[in-house]
Amino acid sequence: MKQYLLSVYQPDGPPPSPQALETIMRDVLAVRAEMKAAGAWVFTAGLHPASTATVVRVKNGEALMTDGPFAEGKEHLGGFSVIRAEDLDQALEWGRKLARATTLPIEIRPIQDDRRTEG
Amino acid sequence: MTTAPAASEIECVFRQEYSRAVAVLIRAFGDIDLAEEAVQDAFTAASERWPASGLPPSPAGWIIATARNRAIDRLRRETTRQDRHAEATRLFSSDMVMPVDPVNIDVDPMPDDRLRLIFTCCHPSLAVQSQVALTLRLLAGLTTAEIARAFLVPEATMAQRIVRAKGKIRDARIPYKVPDARELPNRVNSVLAVVYLVFNEGYTATSGDRLTRDELCAEAIRLGRLLVELVPDDPEVTGLLALMLLVESRRAARTGRRGELVRLADQDRALWNRALIEEGQHLVRSYLKWNRPGPYQIQAAINAVHSDAASAGVTDWTQILLLYDQLEAIAPGPIVALNRAVALAEVQGPHAALTVVDALDLERYYLFHAIRADLLRRLGRLSEAALAYESAIRLCENAAEREFLQTRRQSLD
């Protein structure tokens, strides 16, 4: 079993209408329930808007702070799930379900095995 | 006393057996690089021994058994080094690979192994360019240098592309398996698209001076044959093979003595390869019975109608137009509409065809302008035709085709 990070990329700008949001939340929760029932769900987090972010950088030994998200761009990370899957095909299947539910693009990325990073 | 096999005979065996050997070894060891290296080692051993000892009764079995032993040797060396990194770079973890004792692996390989390999190489999570590169590398056995030359990219670029693709297969864990029934039709389409892309690249190079790149067409057809063998119940697979055979049958007539382009209408049909035409037409007849039409089957049928005509003048354009109508119904799009318009011109005249063509949004496509130019010329609208040829010439990236278009342009003056 391998773990994958499913990241939701959200466009900047006003959120969808309350009705649209209600449908989306219902569908997303349904996918999460499906993941849990299948033993695939590990963790999920929804993030506050990108404007609430802070970036810390160390330059010349000094920690500098900037207000806002890391990447300039029109989309930002809106939330993520960690899932367990046998292989990429299985992870992609969850990614598809999440993409339909959120109506947003989902990035599916493999997580490195703990085994390899153990000392 | 057996006669020593010729180098070309051995080479032929290698070409045929490379993908099968690699596919079996990947299943046994779960590592593409290990499989490739082991098979290369086996080929080296074969080219040293077979000239003296003759071809073994089962060359495939010999190669697989030898490669298997080489792979085991390599792994033993790695384990001795306690190289955890080497283990970690194994493509598929041990729980994914079938529990096969490598010492006793089936030397008579299942057809499934090459099928697994094709589907892995053409996984939709890989960029199409990467799918093509991997397919040519692992299934056609072309070297990185050969693939780079075929696609006119620097060898280092192609090598990077292949390394990255293998890395993704390993790290994202693309499974080494035949997709299940639900996924299979989509996945077969990906594979067919890659094979067709390779064929098209070989038939009309998108850039560069040579009009054709023979090796790519031959490899595409070989892959097409393999696919028909491995996926016999999908008529589109047969359709693609038929299409490639029928297009390939015209190769000798397609280029003139100076390598210039000769259009279908002007080709010397005596130069067409009758064996390929017969094979292609036989395949077309065989899938018509199944009545499960698809784009490749219809395109092949269109080419079969062309191949039926003893001369351009007796081409059954009405039949071709009907086939394009069918193609438009199942796979509509501007390119199909453009090609259909060419047939429409022969049945209803250039005016009807130009009306259709003018409505298409294909400004960036050189053939759009070339076809427009030809229709305008036939309608006597020569200054407009000249402008259209000029647009086509500007957008065309193949030197032989450009030369052809220039000749057409000049003929208007």
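In this predicted model, B:Tyr366 counts as buried, because its relative accessibility is 16%, under the 20% limit. B:Tyr365 has a relative accessibility of 26% and therefore counts as partly exposed. The two residues form an aromatic pair. The ring centres of B:Tyr365 and B:Tyr366 lie 5.9 Å apart, and the planes meet at 70 degrees, so the arrangement is edge-to-face.

Over all chains, the structure holds eight aromatic pairs. Another of these joins B:Phe14 and B:Trp50; the centres are 6.0 Å apart and the planes stand at 50 degrees, so this pair is tilted. B:Phe14 belongs to helix α1 (residues 7–29) of chain B, and B:Trp50 to helix α2 (residues 32–53) of chain B, so the contact ties together parts 36 residues apart in sequence. Both B:Phe14 and B:Trp50 are buried. The pair also belongs to a cluster. Ring pairs link B:Phe14 and B:Trp50 with B:Tyr18, B:Phe43 and B:Trp62.

Charged groups also sit over aromatic rings. In chain A, the charged end of A:Lys36 is placed over the ring of A:Trp41, at 4.3 Å from the ring centre. In chain B, the charged end of B:Arg250 sits over the ring of B:Trp272, and here the distance to the centre is 5.7 Å.

Salt bridges number 33 over all chains. One of them connects B:Lys166 with B:Glu36, with the closest N and O atoms 2.7 Å apart. This bridge links distant parts of the chain: B:Lys166 lies in helix α8 (residues 155–171) of chain B and B:Glu36 in helix α2 of chain B, 130 residues apart. Both partners, B:Lys166 and B:Glu36, are buried.

B:Asp374 and B:Arg408 form a further salt bridge, with 3.2 Å between the closest N and O atoms. Distant parts of the chain are linked here too: B:Asp374 is in helix α18 (residues 366–378) of chain B and B:Arg408 in helix α20 (residues 399–410) of chain B, 34 residues apart. B:Asp374 has a relative accessible area of 13% and is therefore buried. B:Arg408, at 17% relative accessibility, also counts as buried.

B:Arg409 pairs with B:Asp413 in a salt bridge, and the closest N and O atoms are 3.1 Å apart. The two ends differ in exposure. B:Arg409 counts as buried, because its relative accessibility is 18%. B:Asp413 has a relative accessible area of 72% and is therefore exposed. Salt bridges with shared partners join B:Asp374 and B:Arg408 into one network with B:Arg263, B:Asp266, B:Glu346, B:Arg377 and B:Arg378.

Disulfides come to zero over all chains. B:Cys121 is in no disulfide; its nearest cysteine sulfur belongs to B:Cys122 and is 6.2 Å away. For B:Cys122, likewise in no disulfide, the nearest cysteine sulfur is that of B:Cys121. The separation exceeds the limit of 2.5 Å that a disulfide requires. B:Cys121 counts as buried, because its relative accessibility is 1%. B:Cys122 is buried as well, with a relative accessible area of 1%.

On the surface, A:Leu21, A:Met25 and A:Leu29 form a nonpolar patch, with about 260 Å² of accessible area together. A:Leu21 lies in helix α1 (residues 18–37) of chain A. A:Leu21 has a relative accessibility of 36% and therefore counts as partly exposed.

Note on methods
Residues are numbered from 1 along each chain as its sequence is written. Chains are lettered from A and ligands numbered from 1 in the order in which they are written. This is a predicted model: local features need pLDDT of at least 70, side-chain atom pairs count only at pLDDT 80 or more; totals for chains, interfaces and linings use all residues. Side-chain values use heavy atoms; hydrogens and water are left out. Patches are made of residues with over 30% relative accessible area and no salt bridge: like charges are joined within 9 Å, nonpolar side chains (Val, Leu, Ile, Met, Phe, Trp, Tyr) within 5 Å. Accessible areas come from the Shrake-Rupley method with a 1.4 Å probe; for residues, only the protein chains shown count as cover. A salt bridge is a side-chain nitrogen of Lys or Arg within 4 Å of a carboxyl oxygen of Asp or Glu. Helices (H or I, at least four residues) and strands (E, at least two) are DSSP runs, numbered from the N terminus. Buried means under 20% relative accessible area, exposed over 50%, partly exposed in between (1.4 Å probe, protein chains only). Rings of Phe, Tyr and Trp (its six-membered ring) pair if their centres lie within 6.5 Å; planes under 30 degrees apart count as stacked, over 60 as edge-to-face and the rest as tilted. A charge sits over a ring if NZ of Lys or CZ of Arg is within 6 Å of the ring centre and within 35 degrees of the ring normal.
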